[in-house]
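Here is a short, informal walk through one model. Have the sequence and the 3D view open side by side as you read.

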Amino acid sequence: MCIITLAELAAIAHMSPSYFSRLFKQSTGLSPHQYVIQDRVDRAKQLLLRRELSIAEISYCLGFTHQSHFSHHFKRLVGSSPKVFLASQ
């Protein structure tokens, strides 16, 4: 997985990291980090519905350091754990 840092994004846009973050949040409503987490959770929902990978595999593929870290963010954003989400579909 290729990880691009905030400093790299800001450099591409020819801005300081703090100014980039401020403008990013103004335009999206989310900080760059929150945006990435939201995007990963959205992708996880798609992968869960395909039922081809385990929750642990999805967590790893999406760049979460631990399955518990993934589950924490998933539950915070979706309102249920990945397992409960999958069972309800």
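## Around the core, one helix and a pocket

Start with Phe74: leaving aside residues up to four places away in sequence, this side chain's residue touches Val41, Ala44, Lys45, Leu48, Gly79, Ser80, Ser81, Pro82 and Phe85. Keep in mind that the model is a predicted one.

Phe74 also belongs to the largest nonpolar core, a set of 12 residues. The other members are Ile37, Val41, Ala44, Leu47, Leu48, Ile55, Ile58, Leu62, Phe64, Phe70 and Phe85. Helix 3, helix 4 (55-61) and helix 5 (67-78) each put in at least two residues of this core, and helix 3 gives the most, with five residues. As a rule of thumb, nonpolar side chains in soluble globular proteins tend to be buried together.

What about His73, buried or exposed? His73 sits in helix 5 and has 11% relative accessibility, so with the cut-off for buried at under 20%, His73 counts as buried. Its contacts, again skipping residues up to four places away in sequence, are Ile37, Val41 and Phe64. Those three names also turn up in the list of the largest nonpolar core.

Now move to helix 2. This helix covers residues 17-28, which makes 12 residues, and reaches 16 Å from its first C-alpha to its last, close to the 16 Å expected at 1.5 Å a residue. Phe20, Ser21 and Phe24 are its buried residues. Looking down the axis of helix 2, you find the buried residues within an arc of 100 degrees, so they line one face of the helix. Which helices help to cover them? The cover includes helix 1 (6-12) and helix 3 (32-50). Just past the end of helix 2, Gly29 takes a positive phi of about 85 degrees.

Last stop: the largest pocket, with a volume of about 480 Å³. It is lined by 20 residues, and the closest to its centre are Ile4, Pro32, His33, Val36 and Arg40. Helix 1, helix 2 and helix 3 are the elements that give two or more residues to the lining. Helix 3 gives the most here, with seven residues.

Helix 3 comes up in both places, so here are its two contributions together:

| Feature | Given by helix 3 |
|---|---|
| Largest nonpolar core | five residues |
| Lining of the largest pocket | seven residues |

Conventions: Residues numbered from 1 in each chain as written. Predicted model: local features only at pLDDT ≥ 70, side-chain atom pairs only at ≥ 80, totals over all residues. Heavy atoms only, no water. Helix = DSSP H or I, 4+ residues; strand = E, 2+ residues; numbered from the N terminus. Expected span 1.5 Å × (residues − 1). Buried < 20%, exposed > 50% of the residue type's maximum accessible area, 1.4 Å probe, protein only. Arc of directions from axis to C-beta. Contact = heavy atoms within 4.5 Å. Core = buried A, V, L, I, M, F, W, Y, C linked by side-chain atoms within 4.5 Å. 1 Å grid on protein atoms, 1.4 Å probe; cavity = no way out; pocket = protein on both sides within 12 Å on 5 of 7 lines; lining within 4 Å. Points joined across faces, edges and corners; volume = space filled by probe spheres on them.
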